[in-house]
Amino acid sequence: MSPWTRRNFLMSGTAAAALPLSTSDALAELADVDGTDPVALAAAMIRFDTSQSGRGSTDTGTGAVTLPHAQFLERIWQAAGVATEIIPTPQENNVHFLARVKGKGTKPPLLFTAHSDVVTVERDNWTQDPYGGTVSDGWLYGRGAVDMKGAAAVFMAALLRHVKAGTAFDRDVLFLSDCDEEGGSFGAQWLVDNHYDKVRAGTVITEGGWTLAGKDGSTPVLASLTCRDRTSMLVALTARGTATHTSHPDNNQAMPRLGRAVERLRGYRPSIRLTPLSREYFTELAQHTDDRRFAAALRAMLAASSQSELDSAGAEVIRCSTHPWVHQPMLGTTLSFIGLQAGLYTGIIPSRAQAHVRIGFLPDGDDPAKCVADLRKLLVADQVDLTVVGRPGEPENDVINRVRAALARPPSTLDTDVYAMWRKAVSETYPGAGSAPSQFEAATSAGPWRAKGIPVYGLYPYTVDGDTVTRMHGTDERIRTQALVAGTDLVHRMLAQLRVG
């Protein structure tokens, strides 16, 4: 196969042929990838199949193969004269990668962390090779294009541009490619527990805040930097009935009972919760959106004086938003239906059917114990049991208290130089767009550092439309190549503010 050059990626309107890479023997194919080019770099990262296999809806991942990906990164950083380390975990071929750009040491290090593992794919549904790193019509396709190899490439390319220019920073700047964020047992918590001396930092930047596009799908309207994560809990819905021959159906079948229960929970509408952090975000969004109807809905929500008014106005905000998948989780508890298990044989009506539901909780929002109790009341009529799924042998109260503890962590403060650097870079990169702190809609690798009181900010450094966000963890995941280029400019401008001498 011919060497993979930068030109292969950037040829307008063409798709670069590629095969997924999963062994170190194939690294020579990527020897000429330019580490300062975020499109070429992200495409190369995608070609490494670092997917988590998982075990159904219980989220007990078995660990991805991340070593070849780490070795690829190691070559690029070492060629730039930067010290690196591959940190093995107890899972074979599953590793963390760390690069350290030495600074003057006058301030604690800044750590960029971007997980190397990705979720698995339903390959038959894709129109592009999910591990091909294909560029077509201005889009980069592949698993991880958004979450989060695209972000990793932006962080890395921006930093390497400074390294190659000979920039001296006032502090060490670290780039961490962590593993097991999407599942498995040896992710960021394991790394912090076992190697904290290597990843100690004064501030951390990971995945999180979006730069949302306006109605045209590409013009930046509002950039956000997330200061807090949501936390989720897995529950199982179990219906029981009579096991019998399929020629003897009756009204006591487990699967229809479970179906009714799922439909009942699908109609569950938790109260809208407008937290101080979300209020600041939506206030800024109301001032910058180019959608008049959406702006009016936002203003009505912000002005609501009762819970009923807030619920009505918040529902209208979600209906009007072109990014409801981002905004709904910022406004309260969510339910995601993620797995079904039933049936042993085609000739048997099963006695048991089960569904898994992930409940997402907003800090300063609903109490997990009360939410579980409310859902159980809804299921009484269907005679369906709800159980909280925790670690093996973990009692329900312990799971709930663990979730409560995560929700109780305060948001990262806004009085850091890194937050100020980001706002300045946004104003320079996207003139006219707003910027605001925000609540992230999911959990990230930030927890271990936040638990130590270290400010952690979340940043997906590219402009996205609603369709792009929907494809995250979905079919034909993709990101605009121009968004990667602009995001790299943003992070480069942030880092420029650390220059000394």
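Visitor: In which helix does Phe155 lie?
Guide: The model is predicted. In it, Phe155 lies in the helix that covers residues 149-164. That helix is α4.

Visitor: Is Phe155 buried or exposed, and what is its relative accessible area?
Guide: A residue counts as buried when its relative accessible area is under 20%. Phe155 falls under that limit and is therefore buried. Its relative accessible area is 0%.

Visitor: Which residues does Phe155 touch, not counting residues up to four places away in sequence?
Guide: The contacts of Phe155 include Phe112, Thr113 and Ala114. Met148, Phe175, Ile205 and Thr206 are also among them. The list is completed by Leu459, Pro461 and Val491.

Visitor: How far apart in space are Phe155 and Thr36, C-alpha to C-alpha?
Guide: In sequence, 119 residues separate Phe155 and Thr36. In space, their C-alpha to C-alpha distance is 9.8 Å.

Visitor: In what order do the four strands of the open sheet with β9 and β13 stand?
Guide: The pairing in this sheet is antiparallel. Its edge strands, each pairing on one side only, are β11 (334-342) and β14 (384-389). Neighbouring strands are turned by 25° against each other on average, direction ignored. The order is β11-β13-β9-β14.

Visitor: How many bridges join β9 to β13?
Guide: The two strands run antiparallel. One bridge pair sets Leu234 against Arg358 in β13. The number of bridges between β9 and β13 is 10.

Visitor: How many bridges join β11 to β13?
Guide: These strands also run antiparallel. Ala342 has Ala353 of β13 as its bridge partner. The count of bridges joining β11 to β13 is eight.

Visitor: How many residues of β13 are buried?
Guide: Strand β13 has 10 residues and is mostly covered. The number of them that are buried is eight.

Visitor: Which residue in β14 stands opposite Val235?
Guide: Strand β9 (residues 231-240) pairs with β14 in the antiparallel sense, over six bridges. Along β14, Thr238 has Asp385 as its bridge partner. The residue opposite Val235 is Val388.

Visitor: Which side chains of β14 point to one face and are buried?
Guide: The side chains alternate along β14. Asp385, Thr387 and Val389 point to the other face and are not buried. The buried ones are Val384, Leu386 and Val388.

Visitor: At about what angle does helix α11 run to β14?
Guide: Helix α11 (residues 368-379) lies across β9, β11, β13 and β14. Helix α12 (residues 396-407) also packs on the sheet, touching β9, β13 and β14, and makes about 150° with the direction of β9. For α11 and β14 the angle is about 160°.

Visitor: Are α6 and α11 roughly parallel or oblique to each other?
Guide: Helix α6 (residues 254-266) packs with α11 at an angle of about 130°, their axes 10 Å apart. The crossing of these helices is right-handed. Ala261, Arg264 and Leu265 of α6 meet Leu375, Leu378 and Leu379 of α11. The two helices are therefore oblique.

Visitor: Are α8 and α9 roughly parallel or roughly antiparallel to each other?
Guide: The axes of α8 (residues 292-303) and α9 (residues 307-320) come within 8 Å and cross at roughly 155°. Angles over 145 degrees count as roughly antiparallel. The helices α8 and α9 are therefore roughly antiparallel.

Visitor: Which residues of α9 make the contact with α8?
Guide: On the α8 side, the contact is made by Arg293, Phe294, Ala297, Leu298, Ala300 and Met301. Across both helices, the contact residues divide into nine nonpolar, one polar and two charged. Those of α9 are Leu310, Ala313, Gly314, Glu316, Val317 and Cys320.

Visitor: In what order do the strands of the open sheet with β5 stand?
Guide: This sheet has three strands with antiparallel pairing. Its edge strands are β4 (135-136) and β17 (478-480). Three bridges join β5 (residues 139-141) to β17. The order is β4-β5-β17.

Visitor: Which residue in β17 stands opposite Trp139?
Guide: Strands β5 and β17 run antiparallel. The residue of β17 opposite Trp139 is Arg480.

Notes: Residues numbered from 1 in each chain as written. Predicted model: local features only at pLDDT ≥ 70, side-chain atom pairs only at ≥ 80, totals over all residues. Heavy atoms only, no water. Axes fitted to C-alpha atoms, helices over the stretch in contact; angles between N-to-C directions. Parallel < 35°, antiparallel > 145°, perpendicular 65-115°, else oblique. Contact = heavy atoms within 4.5 Å. Nonpolar A, V, L, I, M, F, W, Y, C, P; charged D, E, K, R; others polar. Pairing = 2+ DSSP bridges. Buried < 20%, exposed > 50% of the residue type's maximum accessible area, 1.4 Å probe, protein only. Left-handed = near helix turned anticlockwise from the far one by under 90°.
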